Amino acid sequence: MPFLYINFPSWLNPEIIPGLPVRWYGLMYIFAFATAFFLYRKQVKERHFPMSEDDLSSLFFCGILGLLLGARLFHTLIYETSDFYRRQPWLIFWPFRNGQFTGLQGMSYHGGAFAGLLAVIIFAKVKKYSFREIGDMFAAAIPLGFTFGRIGNFINAELYGRATASPLGMVFPGAAPLPASENWVQEIAEKTGMDINGLWEVNLPRHPSQLYEAFFEGIILWAIIWFFRSRKPFKGFLVGLYFLGYGFFRFIIEYFREPDADLGYRFEIVKTTLPTAYAHPLLSFSTGQVLCFFMMVFGAVWLIYASRLSDSKDIFVYNEEELEQLKVNEAAKERNQRRKLRKKLR
């Protein structure tokens, strides 16, 4: 019987060059930020949006800083079950463990998303930009970059899914072995052509959920939002669409992904005794699903709120006349500020 599963590529290693502390996962973050920056800059140019290169660079610096801080802090608060970081909080951002360079292992997407959002809101407030306009351009730029992050998870052979007999199933080298005596383990092994006779434990094929997420939360979500960037009905629409879309795709994919062993299901309407590696009951919800539910609620509430604002109508492209008027208005604001300052000094 032919094998009906895929072996994890043996040539893929977390380190770019074995023995050196440079990992593909870190490089994927650079690709992600560069992709988002390129797509954002493209929108600024095609809209003739009045944002200088310095402000664009500053905006991305603030957004990335907020994302990294939020992702790391949120992970240590929500996903870290030991008291290691609570007892030693100064090690949260320390990239070494026992004298070895480990990088910042453990990042929460949800924490990064909301902290990054807060950073952009603060930047818009300080620089007097419309948050809904720069937020929409962010929403159209981020998902495609996010794809690289999940590819990094795949290269690390982490965050894999539940055991499956699907032809898409992949044997990950670091996956927890499962007891060969279990009927469901024997059934999957038989369907995939694995010979487990005489074995106590077996490493079954798993859903490559990292690639599912890269495709749906990255490429598909980006394509949807990119399509609507020139067709959005009001300013702020893409921000709401992003939170709704990501929350929905991630919520569904979580059913294929095995929950963290130390966390299990955070909320169960009907208690289950089924192994998490085997099945994810419909009414049992992982930490990621609970957080995605709140993302979808936030996205829906934001859409209703943004659509009812008096200046909600979107301006997709600033033509030359409108751009000139904006410059005149900005110059008038600066003159008024200087007059007020001179009065105060007197």
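## Close-up views of a predicted helix-rich chain

Of the contacts in the protein chain with a separation of 6 or more, 74% are between residues 24 or more positions apart. The model is predicted. The views below take its parts in turn.

**View 1. The whole protein chain, by its secondary structure and burial.** The secondary structure comes to 10 helices and eight strands. The protein chain has 346 residues, and buried residues make up 44% of them.

**View 2. The largest nonpolar core.** In soluble globular proteins, nonpolar side chains tend to be buried together. Here the largest nonpolar core has 46 residues. Tyr40, Met51, Leu59 and Ile134 have the most contacts inside this core. Several helices each supply at least two of its residues: α1 (24-47), α2 (53-79), α4 (109-127), α5 (131-155), α7 (209-228), α8 (237-253) and α9 (287-307). Helix α8 gives the most, with nine residues.

**View 3. Leu59 and its contacts.** Neighbours within four places in sequence are left aside here. Leu59 is then in contact with Tyr40, Met51, Val120, Phe123, Ile134 and Phe138. Tyr40, Met51 and Ile134 are also listed with Leu59 among the residues with the most contacts inside the largest core.

**View 4. Another core, apart from the largest one.** This core has 14 residues. Among them are Val171, Leu178, Trp184 and Ile188.

**View 5. Helix α2 along its length.** Helix α2 has 27 residues. From its first C-alpha to its last, α2 reaches 38 Å, close to the 39 Å expected at 1.5 Å a residue. Its buried residues include the nonpolar Leu56, Leu59 and Phe60. Gly63, Gly66, Gly70 and Ala71 are also among the buried residues of α2. So are Asp55, Arg72, His75, Thr76 and Tyr79.

**View 6. Gly111 in helix α4, beside residues of α2.** Gly111 is found in helix α4. At 5% relative accessibility, this glycine counts as buried, because the cut-off is under 20%. Not counting residues up to four places away in sequence, Gly111 touches Gly70, Ala71 and Phe74. Gly111 and Phe74 are 37 residues apart in sequence. Their C-alpha atoms are 5.0 Å apart in space. Two of the residues that Gly111 touches, Gly70 and Ala71, are buried residues of α2.

**View 7. The Lys127-Asp55 salt bridge.** Side chains of opposite charge can pair when their charged atoms come close. The side chains of Lys127 and Asp55 meet in a salt bridge, at 3.6 Å from N to O. Lys127 lies in helix α4 and Asp55 in helix α2, so the pair ties together parts that are 72 residues apart in sequence. Lys127 counts as partly exposed, at 41% relative accessibility. Asp55 counts as buried, at 15%. A search of the whole structure finds 14 salt bridges.

**View 8. A salt-bridge network that includes Glu213 and Arg150.** The side chains of Glu213 and Arg150 meet in a salt bridge, at 3.0 Å from N to O. This pair links distant parts of the chain. Glu213 is in helix α7 and Arg150 in helix α5, 63 residues apart. Glu213 counts as buried, at 1% relative accessibility. Arg150 also counts as buried, at 8%. Arg250 forms a salt bridge with Glu254, and their closest N and O atoms are 2.8 Å apart. Both Arg250 and Glu254 are buried. Salt bridges that share partners join Arg150, Glu213, Arg250, Glu254 and Arg257 into one network.

**View 9. The ring pair of Phe215 and Phe216.** A search of the whole structure finds 36 aromatic pairs. The ring centres of Phe215 and Phe216 are 5.0 Å apart. Their planes stand at 85 degrees, so the pair is edge-to-face. Phe215 is partly exposed, with a relative accessible area of 38%. Phe216 is partly exposed as well, at 34%.

**View 10. An aromatic cluster.** The cluster is formed by Tyr109, Phe114, Phe146, Tyr242, Phe243, Tyr246 and Phe298.

**View 11. Arg231 over the ring of Phe227.** Arg231 lies over the face of Phe227. The distance from the ring centre is 4.0 Å.

Terms used: Residues are numbered from 1 along each chain as its sequence is written. This is a predicted model: local features need pLDDT of at least 70, side-chain atom pairs count only at pLDDT 80 or more; totals for chains, interfaces and linings use all residues. Side-chain values use heavy atoms; hydrogens and water are left out. A nonpolar core is a set of buried Ala, Val, Leu, Ile, Met, Phe, Trp, Tyr and Cys residues joined through side-chain atoms within 4.5 Å. Buried means under 20% relative accessible area, exposed over 50%, partly exposed in between (1.4 Å probe, protein chains only). Helices (H or I, at least four residues) and strands (E, at least two) are DSSP runs, numbered from the N terminus. Contact means heavy atoms within 4.5 Å. Rings of Phe, Tyr and Trp (its six-membered ring) pair if their centres lie within 6.5 Å; planes under 30 degrees apart count as stacked, over 60 as edge-to-face and the rest as tilted. A charge sits over a ring if NZ of Lys or CZ of Arg is within 6 Å of the ring centre and within 35 degrees of the ring normal. A salt bridge is a side-chain nitrogen of Lys or Arg within 4 Å of a carboxyl oxygen of Asp or Glu. The expected span of a helix is 1.5 Å times one less than its number of residues.
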